[in-house]
Structure formats: structure tokens, C-alpha cells
Amino acid sequence: MNPAAGEWKPSAAAAEWTPGGIAAPAPPPKTESAVSDVDESDPLWQVVLNKICDGDRDRALKLINDPDQLTQYPEVEAILAAGDAMEEDGDDWEKEGDKLAKDVDGMAIDDSKPAAPVESATKMEEVEEEEPTEVVDAVEGDPREHLNLVFIGHVDAGKSTLSGNILYLTENVDKRTIEKYEAEAKERNRESWFLAFIMDTNEEERAKGKTVEVGRAQFETDLHRYSILDAPGHKNYVPNMIMGASQADVGILVISARKGEFEAGFDKGGQTREHALLAKTLGVTYLVVVINKMDEPTVKWSKERYEHCIGKLRPFLKGCGFKIKKEVKFIPISGLNGANVKDEVAESECGWWKKMWQAGENNTDKPTLMSLLDSLEMQGRVADAPVRIPVLDRYTDRGTIAMGKVESGTIRPGMKVIVMPTRQQFKVDGVWSEETPLASARPGENVLVKLSGASMEDLQKGFVICTAPACRAVDKLICQIMIMDLPDQAKILTAGFKANFHAHCVEEEATVTKIFETTDRKGKVTKGARFANVGQTVICMIELERTAPLETFDDYPFLGRFTLRTEGKTCAIGVVKKLPPKKE
């Protein structure tokens, strides 16, 4: 031992000695973190702390986290009952369904009054950038109006062949490429498919001769610019067709005049009926019905066959909601050899067509499909309204880029936009049409929009890019539907009926939760009906699995139309009549 050592004294900071040499764990510091999570002004917390626990905070915290024990106290039950009553008051909008049912006598899915958006774009200017972004080499955009054409109809009606021939006739495909496709089609013993190969680019589509994805291509005339959307005709790919048709301005319904093929497409189970119905529901302004394959040996440009097909189609299209005289045009063509597509059919082949179009019969006073498309005038495109761009798809290229069609308003680089339903705000970094940078994009344009700082999760298919005031994001809606068909095992529609809800680019699971009123074909109205049948018009409430960006049909028709599909069938078409009140 060292005699010079001083007397040992325990450190003041040392832990208290315990037998066995193991220090007792220091008590955790008292923090307010647990308490800070509690809202001191919450009536439930006030009752638990002051009345039940007599001010003992520890006991109150334990009790507030134990719902089973908590509900044993009558004071708590009273508080919870009051909260339920408040929630019921918040759902008073649902009672509007009964009020709405009194005001509506029958459904008409009719765009004759595409009411302008209720609020002007004054707010839009307020949320624009403080410092405008200059885009290098950006152009103002082509002054010619842009139209989206969706080619729809039964499988094998000739949609892809017609689309491909239009591109060839407008010199968007060179002769060498056509010769390559002719050789490839000959190898497959399908010589007549070579034009379809222009649109059907993947191996599966070429091998089967069936379009699967919506093919896209562009062509232009002196008056308009066009985008072709070549939709699949097979019933298995109807969801893909809906995505294409939701962007379309003009529907081109391709009908095969060949004996047996027209009947197969038009009879129950054929896709002609469903495609025409979906086209109207998804908002096409005009429907051009092209009676294709008129040069076929069983037809030989027969006027009787042409009028037989038209006679069958007219009443059905009227039932879909089309105004035949204003919105529907009929024209006979040959998609394979190009007769009546760009150049009029020779009188030696078809002597009756010139007299018919010159007389303006069947709402058509133009000799060819191209001249007919050039004569169409689009209404209701409001360039100074709030921006609305439903997102069709997105991809990453040094940032997230959204694809979509400008439905209303004008979008420019540098603007601040709101993405619904997430309500996130972003700045527009750039706007493109194909690969051309634009200084602005007007309604009707198909655009690519790059948003600063947005991820792939922030921009999903079915979201809507808006400027203030943004569109609504809801999971409940009161609507008017017309029942077109029902699944085999459910011959009536009742509360609890489930289906897929398709509106613009969004698809959600949906449930009919309440029926307010039904109207049958004779106009008989049944208030508070328990069920509805095919052919009836129904005012009902629908609940969605997740929130979706929607508007009422009266305010924004393109965000207020929808279809209900289940088991491969289109069950109902409808319009949104009322949405829940905005939460402050």
C-alpha cells in the first residue's frame, strides 16, 4: 500500500452502491413526450383526467390507451355518443339524394350543355410563378386544332388496317417500310395484314392478328393535327380500350360489311355495341361510323348492304345517347385499298355514293373520311379555365414525366400546379408535345409534363394535374346511372352491388350503397326502390375503395362521366350529380 495515498472518498456522481456490485438502472428521465401526444382540449381527455382519475395523469394516460376499460364508464359513453351525432350531421349531404330524386325525372347522358367550369381562372393567375421559367427552343404550339381519334369496333373489323392505311396515305410511313411489312405478312400467310403491322408493333399482336395495347400515331392535314388511338377490339382488352377512349374527341366506329362479320359484331356478345356505348360515356364529341370492307366479294359496294348496316345501327346509337343528326356521321370505305379514305371511290366501282353525299344523306356531305374529319368543329374547349390534365401514364427521364391530355385551361412551364387527390403542389419544369418543347399547351393537346421534385409515387395513373381551384377528391358520390347489362348470377342491382368504376383515367373498386329512385323505360318512377333491373335509370350513392379525383358532370363533363364494369361486362353508364361538401 502507498503510505502517501489520501483517504478514499466516493464520487458525488457515482451511482448508489448495491449488494452484488451491480448498479441499479437509473430511473428514466421524466419527459412530457407521452403527455404531449394528448390534446389537452379534447373533451374525452378532460373527462378521463378530471372526473374519472381525479387529476392523476399517469392513471389517465393508461386508461385512455385501453378502449375496453374506457367504455365501461358512463361519462365516456356520453362523450362518444355526442361525437357520433356530430358525424351524422356531417353526412347530411347524403340526404340530398332524396331531394335530387325529386328533381330528376329520367336519365339522359347528354353533353348538349357542356357547362363551362364554375370558377374562372383568376385564381390560376395567383398561383403562377413569381419568376417565369424560360424554356430553350420552346414554341407556342401549332395553331391548327388537335383532335384525338379513337378507332373502335368488333375484333377483325379492320381498325388497325384502316389506321395503318391513313398513315401510309398521309406519307407518315415510307414505301420501303411497307414493302418490309408486306413480306412479313406473306410469310405468315396473312397478306392483307401488312397495313395493320404499322400499328400492331409487338410480336403477340402480329402473330394473332389482334390488337392488345392502344396503338398511338400522328398525322396531319392542312386544317387539323390528329392523334390515332387504335383500340383493341377483343372483349378481354376492354379496360385498355377504355383508357384510349377516355382521351378521344372523335370516335371512329369501324363496322365490317362482310356478311356474317357485321352480325357477329352487332349481336349480343359482340363488341360493336359495348364499344359504341363506352365511346359515348367516355365523352367522344362525334362518332364517325365507317362501314368497312365494302370492296369484299360478298359485298361489292352494295348500297343495300350499306343501308342494312346503317338501319341496324341508328336505333342502337340513339339508345346510347348519341344525337344522330348532330353527332353521328356514316361513310362507306375500304380500309385495305383506301377507297373513300383520302380519295373518293371510283364511280365505276360505286355509282351511288356521289349522289348520296352530295344530297347530304346520313348526315354526311363530304366524299371521304379525311375531308369529313377536317369538317368537324370541336366545342367547349375553354383555354382560360383552370387546368385539368388527367394522368394517363408516367415514366422517369431525369425526373418524373406525366402523360396526359389537356382537358381544360392552358399549361405553361413555371406554373405551380396541384396534383389531386394527394393535394401536393409542384412547379412545372417543362411541357412537350411528342419531343417538341412547348411554351404553352391548350385544351385538346396530348402533352408530357415534367414536375419539379415529383416522384413516380406522386404521379400515378388516374391522378389529375390542376391549377387552383383544384378538382375534388372523394370516395362517395351521388350519381345517375343507366343499367345496360348485369352479370349472370346477379339479375338485379341492389345496395351492396360491387363493380369496377372507370372515370377518365382512374379505375377503382366501387360499391352501390343506397338506391334513392328508379325510373323504368315507360317513365314510371319508384321512390326508395330496393332494387333495379336492366333498362332502368337509377339515382344512387356509390362508395369507392379509395379517393378519386372527380367533379360533377354539370361543372366538368370530362371528370363527371363513368362506367361500371364487372365480369367482363359494362353493367352501367352514369354521370356524377352531387359530391360531399368540401371540408374546411
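This passage describes the overall make-up, the salt bridges and several local backbone features of a predicted model of a protein chain.

The secondary structure of the predicted chain comprises 18 helices and 22 strands. Of the 584 residues in the protein chain, 50% are buried, and the chain exposes about 29,200 Å², of which carbon and sulfur atoms supply 49%. Among the contacts in the protein chain with a separation of 6 or more, 71% are accounted for by residues 24 or more positions apart. One pair that can be followed individually is Thr-161 and Gly-338, which are 177 residues apart in sequence and 9.9 Å apart in space, C-alpha to C-alpha. Thr-161 lies in helix 8, which spans residues 159–169, and with a relative accessible area of 15% Thr-161 is buried, because the cut-off for a buried residue is a relative accessible area under 20%.

Helix 2 was examined with regard to its buried residues. This helix covers residues 43–52, and its buried residues are Leu-44, Trp-45, Val-47, Val-48, Leu-49 and Ile-52. In an α-helix there are 3.6 residues a turn, so residues three or four places apart point the same way. Just after helix 2, the backbone at Asp-54 takes a positive phi of about 50°.

The structure holds eight salt bridges. One of these is formed by Arg-144 and Glu-220, whose closest N and O atoms are 3.2 Å apart. This pair links distant parts of the chain, with Arg-144 in the loop between helix 7 (122–126) and strand 1 (145–152) and Glu-220 in strand 2 (residues 215–220), 76 residues apart. Glu-220 counts as partly exposed, at 47% relative accessibility.

A second salt bridge joins Arg-258 to Glu-296, with the closest N and O atoms 3.0 Å apart. Arg-258 is placed in the loop between strand 4 (250–256) and helix 13 (261–266), whereas Glu-296 is placed in the loop between strand 5 and helix 15, so the pair ties together parts that are 38 residues apart in sequence. The two partners fall into separate accessibility classes: Arg-258 is partly exposed, with a relative accessible area of 29%, while Glu-296 is buried, with a relative accessible area of 12%.

A further salt bridge is made by the side chains of Lys-527 and Glu-517, which meet at 2.9 Å, N to O. Because Lys-527 lies in strand 18 (residues 525–527) and Glu-517 in strand 17 (residues 506–519), this pair ties together parts that are 10 residues apart in sequence. Here Lys-527 counts as partly exposed at 48% relative accessibility, whereas Glu-517 is buried, with a relative accessible area of 2%. In addition to these pairs, Asp-249, Lys-405 and Glu-407 are linked in a network of salt bridges.

Several local backbone features were also noted. Most residues other than glycine have a negative phi, and most peptide bonds are trans. Against this background, Trp-301 has a positive phi of about 55° although it is not a glycine. Trp-301 is located in the loop between strand 5 (286–292) and helix 15 (303–320), the loop that also holds Glu-296 of the salt bridge with Arg-258. At 5% relative accessibility, Trp-301 counts as buried. Asn-362, likewise not a glycine, has a positive phi of about 55° and is found in the loop between helix 17 (353–358) and helix 18 (369–374). With 14% relative accessibility, Asn-362 counts as buried.

Cis peptide bonds were found at two proline residues. Met-420 and Pro-421 are joined by a cis peptide bond with an omega of about 15°, and Pro-421 is found in the loop between strand 9 (416–420) and strand 10 (424–433). The peptide bond from Ala-468 to Pro-469 is also cis, with omega near -5°, and Pro-469 lies in the loop between strand 13 (464–466) and strand 14 (472–483).

Methods
Residues are numbered from 1 along each chain as its sequence is written. This is a predicted model: local features need pLDDT of at least 70, side-chain atom pairs count only at pLDDT 80 or more; totals for chains, interfaces and linings use all residues. Side-chain values use heavy atoms; hydrogens and water are left out. Buried means under 20% relative accessible area, exposed over 50%, partly exposed in between (1.4 Å probe, protein chains only). Helices (H or I, at least four residues) and strands (E, at least two) are DSSP runs, numbered from the N terminus. Contact means heavy atoms within 4.5 Å. Accessible areas come from the Shrake-Rupley method with a 1.4 Å probe; for residues, only the protein chains shown count as cover. A salt bridge is a side-chain nitrogen of Lys or Arg within 4 Å of a carboxyl oxygen of Asp or Glu.
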